Amino acid sequence: MALERTLSIIKPDAVAKNVIGQIYARFEQAGLKIVAAKMKQLSRQEAEGFYAVHSERPFFKALVDFMISGPVMISALEGENAVLAHRDLMGATNPKEAAPGTIRADFAESIDANAVHGSDAVDTAKVEIAYFFAATEVCPR
Ligand code: UDP
């Protein structure tokens, strides 16, 4: 087991549904601690930079448009195997394929509006956390 950190984004669709607390409760029940958090309206430039890895994909513009359609709740989570633990809570990218009881199965409507983002590896998590949080804004506990 390894103590890890991962980046969570509660996307505009889930913020609009007013389920931030319900999603946070799932993190806490799984033993993940919130060590940094901010609500933010992303600029187009911020969203494009965050998803730069997908810039050549056909869904890139729609993804960026969606991510700036309303505020997002950005958090860094810490816990044992946090990256995988968080992805297990999220469920598959396409909510129609997400396992029952996962965040995407319960709160997401479509592959475009799929409620949450989570880092896919420890290295990616470091980059993604630093993208949104200064070192002084992360509070280990
Ligand atoms: N996405 C999309 N259409 C697709 C594939 C992905 O709109 O066909 C969006 C979706 O919001 C997804 C994000 O692009 O969450 C990033 O894709 P990735 O494959 O990294 O999925 P994730 O790690 O979010 O499950």
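**A tour from helix α2 to H117 and A98**

Select helix α2 (residues 20–29; helices are DSSP runs of H or I of at least four residues, strands are runs of E of at least two, both numbered from the N terminus), where the buried residues are I20, I23, Y24 and F27. Looking down the axis of α2, you will find that these buried residues fall within an arc of 100 degrees, so they line one face of the helix; the arc is that of the directions from the helix axis to the C-beta atoms. Buried here means under 20% relative accessible area, exposed over 50% and partly exposed in between, with a 1.4 Å probe and protein chains only. After α2 comes G31, whose phi is positive, near 85 degrees.

This is a predicted model, in which local features need pLDDT of at least 70 and side-chain atom pairs count only at pLDDT 80 or more, while totals for chains, interfaces and linings use all residues. Residues are numbered from 1 along each chain as its sequence is written, and side-chain values use heavy atoms, leaving out hydrogens and water.

Next, select H117 in strand β4 (residues 116–118), which an unreviewed UniProt entry gives as "active site"; such annotations may be inferred rather than shown by experiment. H117 counts as buried because its relative accessibility is 10%. Beyond residues up to four places away in sequence, H117 touches L7, S8, I9, K11, F50, Y51, H86, M90 and E128, a contact being heavy atoms within 4.5 Å.

Finally, move to A98, in the loop between α5 (82–90) and α6 (103–107). A98 is buried, with a relative accessible area of 12%, and, leaving aside neighbours within four places in sequence, A98 is in contact with G91, A92, R104 and A105.
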